[in-house]
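Biologist: Hey, got a minute to go through this one with me? I'd like to talk about charged pairs and then pockets.
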Amino acid sequence: MEEDSFRDPDVPGSSSSAPRKLLWGLSNQARIKITAFGIGLLLFAVGGIWLVHDFSQRRTVPDVLGRMPSGAIHMLEEVDLIASTTIPPSVGELREFNQNVAKQVPAAGEAVRAGDEVQIIVGPRKVEVPDFVGVTLIDAKELADQGEFEFEDGLEDNAPGSSWPISAQSIQAGEISPAGSVIELEFDIPEIIMPDVSGQKLQDAVIALETIGLKAVSVGDGDHVISSDIAAGTTLEPFTSISLSTGYVMPDVVGKPLREAREALKNFPNTSTSTSSTFEVTAQSIPAGSIIPKDTEILLTVPGPSTTYRILGNGSVSAVTWAAPGAFSIQQATGVSLPWEVTFPTDTGTAVFNAQLQDGDTITCQILRNGKVVRELTSTGAFAFVQCG
């Protein structure tokens, strides 16, 4: 191809023969050097760009030892690192403030790249052991809460009495121990005297027995203690089982309508009434406040319908005249002493009832329906006369 056939496509009529002639005029060795130099410049530029990028991705691992897991994870995330957390099950049961990073890989200060993973192994926080000697188990548990220490007492399935003082501990007070450590306790067991729990609420009685190191077993259906199978004042071995007979407290239902009385006695299925009426209860066969078994038979006295004629005064009467409600058969009594009354098994019918005073100066008549006064009149003076029906 002829050299003058090369032209600049952007400049009409121009010719590239001069530079071409210059390039082709160089030796092959010179041309190679120029090409190599250009390639070198290009590689240098690319390398510089890569180096800048590489430096931007470099990270220094922070020191997270001794920190809580959440704090350590946050520190790593701030420098674009990923936390791979390992928490043993026993440590995971602790509250987080009792957990801290025990080991990290890579170590603090090592260089890594953004997005790399840092392994953190979580262990228990080191805590100073409190002094448990001389306090009760309840108080010891409060002291142990901060370090979440666990207790063993060597009593197998028996629970120590909550009033027993601690006499020794396997990890001495003041020692530094991992949170959640198990501490063996020994107790000073006092002499156990059976208390009197009769009449107490069942829950209170059980607590009283367990506090001194006894066991309680309830017998029967009830929320109060009737009696125990071991007499109060008896000296007992620890963890002796006490049988508590239970029942319910008999309520006071006198004066209540039968419906309310039955509701109050819902714990006692064997309750009966003297009549089929629904008036107020006038008596109960078991005194109020008694603690009795659930199946105890209880009789409520409930009066049936009634009408009562009654005479009151400060002397005696010469005569009382009456007829049963709704009847016409007149009866009379003379010289009767006050007070005087007669009752009929009905609360309906017209009453016929009057009286005259023989001595004294005041006389009163009353008519009662089902125990309630529905009519009352008073007369005064010598030979006073009253008529209530």
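Modeller: Sure, and keep in mind that this is a predicted model. Let's start with Asp221 and Lys294, whose side chains form a salt bridge with N and O 3.1 Å apart.

Biologist: Where do Asp221 and Lys294 lie?

Modeller: Asp221 is in the loop between β12 (215-219) and β13 (224-228), and Lys294 is in the loop between β18 (291-292) and β19 (298-301), so the salt bridge links parts 73 residues apart in sequence.

Biologist: And is Asp221 buried, exposed or partly exposed?

Modeller: Asp221 is partly exposed, at 36% relative accessible area. Lys294 is partly exposed too, at 33%.

Biologist: How many salt bridges turn up in the whole structure?

Modeller: Five. One of them pairs Arg59 with Asp80, with the closest N and O atoms 2.8 Å apart. Arg59 sits in strand β1 (58-60) and Asp80 in the loop between α3 (69-78) and β2 (82-86), so that pair ties together parts 21 residues apart in sequence.

Biologist: What about accessibility for Arg59?

Modeller: Arg59 is buried, with a relative accessible area of 18%. Asp80 counts as partly exposed, at 41%.

Biologist: Got another pair for me?

Modeller: Glu263 and Lys266 form a salt bridge as well, at 3.8 Å from N to O. Lys266 is exposed, with 60% relative accessible area.

Biologist: OK, switching to pockets. What volume does the largest pocket have?

Modeller: About 150 Å³.

Biologist: Which residues line the largest pocket?

Modeller: Phe279, Glu280, Val281, Thr282, Pro303, Arg369, Asn370, Gly371 and Lys372. That lining splits into three nonpolar, three polar and three charged residues.

Technical notes:
Residues are numbered from 1 along each chain as its sequence is written. This is a predicted model: local features need pLDDT of at least 70, side-chain atom pairs count only at pLDDT 80 or more; totals for chains, interfaces and linings use all residues. Side-chain values use heavy atoms; hydrogens and water are left out. On a 1 Å grid over the protein atoms alone, a cavity is a set of points where a 1.4 Å probe fits but cannot get out, and a pocket is an open set with protein on both sides within 12 Å along at least five of seven lines; lining residues have an atom within 4 Å of a point. Grid points are joined across faces, edges and corners, and a volume is the space filled by probe spheres set on the points. Ala, Val, Leu, Ile, Met, Phe, Trp, Tyr, Cys and Pro count as nonpolar, Asp, Glu, Lys and Arg as charged, and the others, Gly among them, as polar. A salt bridge is a side-chain nitrogen of Lys or Arg within 4 Å of a carboxyl oxygen of Asp or Glu. Helices (H or I, at least four residues) and strands (E, at least two) are DSSP runs, numbered from the N terminus. Buried means under 20% relative accessible area, exposed over 50%, partly exposed in between (1.4 Å probe, protein chains only).
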